[in-house]
Protein chains: 2
Amino acid sequence: MLKVGILGGGQLGRMLLQAAVNYPVETHVLENDPECPAAQLCHHFTLGDIRNFDDVYAFGRSLDRLTIEIEDVNIEALKKLASEGIVVVPDPRVLSIIKNKILQKKYYREHHIPTAAFLITQSREEIRNHISFLPAVHKIGEGGYDGKGVQIINNATEIDKGFDAPSVLEKRVLIKKELAVMVAINEKGETAVYPIVEMCFDPSLNLLDFQLCPAQIEEPIALRAAEIALQVVKGLQTPGLFAVEMFLDQNNQLFVNETAPRVHNSGHHSIEAIASSQFDMLWRILLSIPLGSTRLLSPSVMINLVGTGDAGPTLYKGLDEVAATPGLYIHQYGKKLSKPGRKMGHMTLLGPDAKVLQQQVSSLKSKIAVSGESER
Amino acid sequence: MLKVGILGGGQLGRMLLQAAVNYPVETHVLENDPECPAAQLCHHFTLGDIRNFDDVYAFGRSLDRLTIEIEDVNIEALKKLASEGIVVVPDPRVLSIIKNKILQKKYYREHHIPTAAFLITQSREEIRNHISFLPAVHKIGEGGYDGKGVQIINNATEIDKGFDAPSVLEKRVLIKKELAVMVAINEKGETAVYPIVEMCFDPSLNLLDFQLCPAQIEEPIALRAAEIALQVVKGLQTPGLFAVEMFLDQNNQLFVNETAPRVHNSGHHSIEAIASSQFDMLWRILLSIPLGSTRLLSPSVMINLVGTGDAGPTLYKGLDEVAATPGLYIHQYGKKLSKPGRKMGHMTLLGPDAKVLQQQVSSLKSKIAVSGESER
């Protein structure tokens with residue numbers, strides 16, 4: 001049996017291990033929390049820091065293959081492991097590009113991939129040289145995550161919101177829809193593109209509010225989105241599972257926003273709604289099994305269950321009320337502590353008509369809450 | 001989080017733990033093999049003998065709820081645990097009935113459940129008193145499993161094949177089809193019946209050859225089968241997940257053959273083909289979550305992957321060739337050793353038409369083999 005390691009033990013690692021149950025594979029997880037969602041589902045759990053060179057190197061050197069469930073890992077250690085023959089998916093070279101928003105944007109430009117116009121700024125003050133470029137979005141080069149490290153700067157009076165560090169200043173796109181396209185590519189260069197999904201965000205937390213599949217867009221746009229996503233992924237020249245996030249603007253132009261080089265929140269619906277889920281597909285890539293089918297089994301909406309209220313021991317409210325809803329699949333991540341904004345689970349609703357599903361979201365959401373139990 | 005223990009760590013336990021990933025639950029497994037299929041997927045693995053009173057009692061006493069993945073467990077320990085307030089699903093009283101084929105047959109008779117006519121024999125010689133009852137099937141009272149402990153006795157010359165132990169002598173039914181009906185029942189007495197499945201056995205090993213859902217039977221027979229299965233399960237007066245196996249004879253009469261008080265091989269297709277799989281459903285029962293939907297998502301065939309050839313380190317052949325077949329889901333149980341007749345995995349094929357699926361079975365089976373790798 002191949003020994004495969006995962007850097008990170010959050011919910012993505014947890015669902016990846018759930019899919020691993022169908023394959024003969026020895027699984028290893030590195031994470032700094034022995035109670036993380038993935039800890040008890042692997043053959044070997046290693047306590048350590050995925051950002052620390054020594055921890056990652058020591059974890060990986062006895063394994064056959066390695067992957068990640070988060071980009072914020074020690075890339076130098078992965079590069080050394082790759083040079084010593086450990087198969088790292090995706091290639092750590094690609095992580096270096098994607099982890100830094102400046103390099104990522106340059107990659108799109110060099111590969112003629114449509115993306116919003118941008119400038120590089122080294123300091124906050126430098127934004128003042130580009131007043132005519134506003135309104136724009138300032139994105140910090142390194143360290144942003146889940147909407148942190150992103151500021152909208154509409155005009156000169158808002159420059160103080162910018163980052164005093166190397167950043168991207170990106171022309172604001174008039175967004176009509178946000179789309180995501182998952183693409184799988186294996187060591188032979190064979191690819192599989194998933195049906196396009198449409199995302200809707202909560203403006204306060206910038207966390208995914210709900211996600212619809214298939215996206216409600218015209219077919220030529222869907223085909224163009226798939227084409228662009230393939231172009232992004234092929235240019236990276238590494239096996240892996242990628243989520244390419246895009247904007248569709250008011251003129252029906254597509255712009256790549258960013259790419260995640262791993263299983264991704266936008267692909268959770270694939271567990272039930274697609275023949276080969278994103279998690280199943282990554283195992284096929286890791287274990288050199290032919291790619292699976294990305295056929296849509298049913299339209300779906302996916303809703304994140306995000307912590308609200310106080311931090312504290314996790315309390316799910318209302319799940320029982322909806323648990324018997326036909327076509328509803330609830331995933332709880334087993335996190336012991338709920339915090340405001342923390343992803344605590346998700347639910348996917350299947351049904352014959354995407355438009356009807358969309359109308360059921362607010363009713364479902366009104367019945368359910370996750371919060372920290374009061375300590376009183 | 002509730003602490004739930006599973007007695008047995010085979011493939012059924014493995015798939016049960018795979019489904020547990022969606023729920024907040026602390027999982028415990030008792031099994032005598034640290035490399036069993038379920039060992040690495042639970043929070044706490046305990047090495048011990050599920051048939052030993054002390055091992056089962058020690059394992060269970062600190063848990064909230066207990067279930068089984070095999071009937072051959074120490075029932076006395078479960079009864080003691082139940083008397084001390086541990087919730088055991090199903091009630092160990094029911095295990096006593098089902099584990100003994102004599103008591104099981106008597107249960108059917110007492111509850112007016114259609115089952116083949118039978119006599120009880122205490123010894124092999126006693127069969128001679130019932131020559132006119134032949135042809136019949138002799139089933140040993142205790143210890144039969146996967147077709148062992150069952151002998152067909154056509155006439156007086158074959159009496160030597162019978163068991164010299166308390167057994168059931170059952171009138172042979174002229175079987176047209178073998179059916180299985182899964183039924184879930186929770187602590188409130190609410191029930192959910194799964195679509196009927198049809199089974200086809202390999203006559204040499206008496207292992208399930210393939211299984212088809214929905215069964216190709218007329219609707220009145222399906223309704224009658226569901227009614228009988230509900231009658232069996234309600235009469236047992238315990239929460240649980242049950243598979244009621246039946247014969248349909250040449251006159252379209254149904255006879256209950258036997259009942260499994262647990263997740264069962266005949267329900268593997270439910271992972272992909274039914275909204276709430278048998279594994280998901282058992283967690284709902286264990287964790288007091290409303291029962292799920294048993295809606296059929298797609299017709300399916302399920303094929304067991306059984307070890308052939310020599311015993312030895314597991315070698316799957318041909319899986320790669322079929323791995324990309326749309327609608328095919330392959331489950332490998334991660335058993336390190338293959339033995340002839342051992343269940344090593346299964347695959348489920350979904351498609352719009354059950355008859356067409358049936359025609360694809362032999363082609364799929366011809367491409368795939370599991371065997372022990374030669375040590376040379």
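Here is a short conversation about how two chains of a predicted model fit together.

Biologist: Before we start, how do you know which features to count in this model?

Modeller: Because the model is predicted, local features need pLDDT of at least 70 and side-chain atom pairs count only at pLDDT 80 or more, while totals for chains, interfaces and linings use all residues. Residues are numbered from 1 along each chain as its sequence is written, and chains are lettered from A and ligands numbered from 1 in the order in which they are written.

Biologist: What makes the relation of chain B to chain A that of a two-fold axis?

Modeller: Copies are superposed by least squares on the C-alpha atoms of residues with pLDDT of at least 70 in both. A turn of 180° and a shift of 0.0 Å along the axis lay chain B on chain A with an RMSD of 0.0 Å. That is why we speak of a two-fold axis.

Biologist: Which residue of chain B comes closest to the rotation axis?

Modeller: That is B:Leu41, whose C-alpha lies at 2.2 Å.

Biologist: How many residues are in contact, and what makes a contact?

Modeller: Two residues are in contact if their C-beta atoms, placed from the backbone, lie within 7 Å. By that rule, 26 residues of chain B are in contact with 26 residues of chain A. On the side of chain B that touches chain A, β18(B) gives the most, with three residues; strands are DSSP runs (E, at least two residues), numbered from the N terminus.

Biologist: How do you know that the same surface serves both copies?

Modeller: Of the contact residues of chain B, 100% recur in chain A.

Conventions: Helices (H or I, at least four residues) and strands (E, at least two) are DSSP runs, numbered from the N terminus.
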